[in-house]
Amino acid sequence: MATLPNQLPTLAADPAGHSLGLDLPPGALLDTTVEGPWDEPLMWRADAPAAPGDWLRLASARRTAGLYPVLVGGSGTGDSHPDTWELDPGRASYPGDHDAEEVLAELWEDYAAEAEDADWPGPAAAGEPEADPDARAAEVTDTLVGDASPLKDPRLALVPARRSADIPAAVGWCGPAGLTDDVAELCAVLRSWEDRFGARVVALTFDQLTVSVAAPPRTPAEAAATAAEHYAFSPDTVTQSGHASLRAYAEHEVLGARSWTFWWD
């Protein structure tokens, strides 16, 4: 996969990252995959649980070192330590090699068309920005840490990635393995959501992904179109949401929402 040069090995001799313009708290480099140690670190993870403001404090790492901040933690179905996630970067291609609309159309036909009795409706229109995407990412990340966090033991991590959408492919995340063998296909969709909705990947667990949304759908029609993309992207998220229809899911989970969370069984 074509990526930026991985600056993580620098942290082995310079744990605080001063040579990269960083001032990191104590942390560790992680390289464990399903096949054994990777040939270079996949991420840096802080030793201490994340606190409000941590994502924003490390956001500069993108510019100074090509390292993107993201929360990693546990959920009800997975361990919080990425070393146990069965990461497999060798399976991930480059997100830029995939077309988001083609990916969504194919997934719709495979998983949603029969249930919805409808042809692929096409991509949703771009949302109207209501916040700076990075400011929204910091805001959403702060809601995912602390005593009320829905995540188990959330820690801040840094991943060598060109953009937040590429984080799952960069670490070889296999959370959606039941949907696709190549997570880069979903990263192409995340890239499109970055462009259309100001989305940022802000948290990963073993099988869940959360994105912040700076330009959410503002009308029922826009939300319905976006919900169709959600169904293709993560069928389990929609079918297990507790809502009786895709329209109800759109109304309660998409319309005006500042974040979207997806999971795969």
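Two strands are taken to pair if DSSP finds at least two bridges between them, and strands (E, at least two residues) and helices (H or I, at least four) are DSSP runs, numbered from the N terminus. The model is a predicted one, so to speak of local features takes a pLDDT of at least 70 and side-chain atom pairs count only at pLDDT 80 or more, while totals for chains, interfaces and linings use all residues. Residues are numbered from 1 along each chain as its sequence is written, and side-chain values use heavy atoms, with hydrogens and water left out.

Strand β7 (199-204) is a handy place to start. On one side, β7 and β8 run antiparallel and are joined by five bridges, with Leu-204 finding its bridge partner, Leu-209, in β8. These two strands make a hairpin, with three residues between them. β7 also runs parallel to β5, with two bridges joining them, and here Leu-71 stands opposite Ala-203 of β7. Six of the six residues of β7 are buried (under 20% relative accessible area with a 1.4 Å probe, protein chains only; exposed is over 50%, partly exposed in between), so the strand is largely enclosed by the rest of the structure.

Helix α5 (residues 133-143) has buried residues too, namely Arg-136, Ala-137, Ala-138, Val-140 and Thr-141. Their cover includes β7 along with α2, β5 (67-74), β8 (208-213) and β9 (259-263). At the start of α5, the backbone nitrogen of Asp-134 has a side-chain oxygen of Asp-132 within 3.0 Å.

Over in helix α7 (residues 184-197) sits Arg-191, which is buried at a relative accessible area of 13%. Its side chain makes a polar contact of 3.3 Å with that of Tyr-94; such a contact is a pair of N or O atoms within 3.5 Å where, within protein, one must be able to donate a hydrogen and the other to accept it, and residues adjacent in sequence count only if both atoms are side-chain atoms. Setting aside neighbours within four places in sequence, Arg-191 is in contact (heavy atoms within 4.5 Å) with Tyr-94, Pro-95, Gly-96, Arg-163, Ala-165 and Asp-166.

Then there are a couple of backbone oddities. Asp-117 is not a glycine, yet has a positive phi of about 50°; this residue lies in the loop between α4 (100-116) and α5 and is exposed, at 72% relative accessible area. Asp-153, also not a glycine, has a positive phi of about 55°. Asp-153 belongs to strand β6 (residues 152-160) and is partly exposed, at 27%.

As for empty space, a 1 Å grid over the protein atoms alone was used: a cavity is a set of points where a 1.4 Å probe fits but cannot get out, a pocket is an open set with protein on both sides within 12 Å along at least five of seven lines, and lining residues have an atom within 4 Å of a point. The second largest pocket holds about 190 Å³, and helix α2 (residues 54-58) gives the most to its lining, with three residues. Among the lining residues are Asp-54, Arg-57 and Leu-58, as well as Leu-156. Three cavities reach 30 Å³ or more, and the largest cavity has about 70 Å³ of space. Its lining includes Asp-88, Arg-91, Trp-173 and Cys-174.

Technical notes:
Grid points are joined across faces, edges and corners, and a volume is the space filled by probe spheres set on the points.
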